[in-house]
Amino acid sequence: MASQEIENLSQALARLPGLGPRSARRAVLWLVKHRETALRQIIDALQMVQDKLVECGTCGNVDTRDPCSICADPRRDRKSICVVEDVADLWALDRARLFTGCYHVLGGKLSALDGVRPEDLAIDSLMGRVSQGDDDGTMIEEVVLAMNATLEGQTTAHYIAERLEEFPIRITQLAHGLPVGGELDYLDEGTLAQALRARRPLGRD
Ligand SMILES: [Zn+2]
């Protein structure tokens, strides 16, 4: 039987995504075994994050500095903004290193069911960025709507596209195709229909 302290740690870790009670117990066991080397390092890293984490006042990214390291990066294309639902989407897209512009995190998606209205999301601040441009006067030329391929995600994308119509910018949307390795059986109808509509000829040339 583990002590209350060790049990508390297990329970805290079990709440992490991808871990259940069993994996959490194994992680705790590992930490106990490696307490001299790994435990201190983890405690320090967690403490550092806890102390320094801030939300970027420009894009809504979560980082240890404001403006965040993406907004502050001079190599980024400031004329192009990719709008995402959540910070997790921003990180996923940025890990892929496909987009060289900046981002804007909405903080969710429109949902009648959950009572999420436009004013609950960071849409006004997006309009502000598009209408006023950057601090140094750089104007936005393209907004990429990278909402999820869900009904609510697409509703949100259409709403924002409508609001952006008054600005002389290019509005684009991610092409939602079949996920790599995805089996048709496991896809929902919407994804399939979209994949079908966007079909290309598979030819010899
Ligand atoms: Zn930022």
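**Exercise 1. The annotated zinc finger region**

Task: Describe residues 56–71 by end-to-end distance and secondary structure.

Solution. The end C-alpha atoms of residues 56–71 lie 8 Å apart. The span is 0% helix and 12% strand. These values come from a predicted model. The label comes from UniProt: an unreviewed entry annotates residues 56–71 as "zinc finger region: C4-type".

Next, look at the backbone. The peptide bond from Asp66 to Pro67 is cis, with omega near 0°. Most peptide bonds are trans. Pro67 sits in the loop between strand S2 (62–63) and S3.

**Exercise 2. The chain layout**

Task: State how many helices and strands the chain has, and give their order from the N terminus.

Solution. Count the elements: seven helices and six strands. Then read them from the N terminus: α-α-α-β-β-β-α-β-α-β-α-β-α.

Now add two totals. The chain has 205 residues, and 18% of them count as buried. For contacts between residues at least 6 apart in sequence, 46% join residues at least 24 apart.

**Exercise 3. The largest nonpolar core**

Task: Find which residues in the largest nonpolar core touch the most other members, and which elements give two or more residues to this core.

Solution. The core has 25 residues. Those touching the most other members are Cys59, Ile81, Val83, Val84, Tyr103, Val143 and Leu145.

Map the core onto elements. Three strands give two or more residues each: S3 (77–84), S4 (101–105) and S5 (142–145). Helix H5 (123–132) and helix H6 (151–164) do so too. S3 gives the most, with four residues.

Take Tyr103 as a worked case. Set aside its neighbours within four places in sequence. Tyr103 is then in contact with Cys59, Asn61, Ile70, Ile81, Cys82, Val84 and Leu90. Cys59, Ile81 and Val84 are also among the core residues that touch the most other members.

**Exercise 4. Leu126 and Ala161**

Task: Is Leu126 buried or exposed? How does Ala161 count?

Solution. Start with Leu126, in helix H5. There are 22 other C-beta atoms within 10 Å, and the cut-off for buried is 20 or more, so Leu126 is buried. Its contacts, leaving aside neighbours within four places in sequence, are Val83 and His104. Leu126 and His104 are 22 residues apart along the chain, and their C-alpha atoms are separated by 7.0 Å.

Turn to Ala161, in helix H6. Ala161 has 15 C-beta neighbours inside 10 Å, so it counts as partly exposed. Not counting residues up to four places away in sequence, Ala161 touches Leu145 and Ile171. The C-alpha atoms of Ala161 and Val144 are separated by 9.7 Å, with their positions 17 residues apart along the chain.

**Exercise 5. The H1 and H2 pair**

Task: Characterise how H1 and H2 cross, and list the residues that meet.

Solution. Two packed helices are described by the angle between their axes and the distance between the axes. Helix H1 spans residues 4–14, and helix H2 spans residues 21–33. Their axes come within 8 Å. They cross at roughly 125°. H1 and H2 are therefore oblique to each other. H1 passes H2 in a right-handed crossing.

Finish with the interface. H1 supplies Ile6, Leu9, Ser10, Leu13 and Ala14. These meet Pro21, Ala24, Arg25, Ala27 and Val28 in H2.

Notes:
Residues are numbered from 1 along each chain as its sequence is written. This is a predicted model: local features need pLDDT of at least 70, side-chain atom pairs count only at pLDDT 80 or more; totals for chains, interfaces and linings use all residues. UniProt positions are given in the numbering used here, feature names are shortened, and annotations may be inferred rather than shown by experiment. A nonpolar core is a set of buried Ala, Val, Leu, Ile, Met, Phe, Trp, Tyr and Cys residues joined through C-beta atoms within 7 Å. A residue is buried if 20 or more other C-beta atoms lie within 10 Å of its own, exposed if 12 or fewer, and partly exposed in between; C-beta atoms are placed from the backbone. Two residues are in contact if their C-beta atoms, placed from the backbone, lie within 7 Å. Axes are lines fitted to C-alpha atoms, for helices over the stretch in contact, and angles run from 0 to 180 degrees between N-to-C directions. Angles under 35 degrees count as roughly parallel, over 145 as roughly antiparallel, 65 to 115 as roughly perpendicular and the rest as oblique. A crossing is left-handed if the near helix is turned anticlockwise from the far one by less than a right angle, and right-handed if clockwise.
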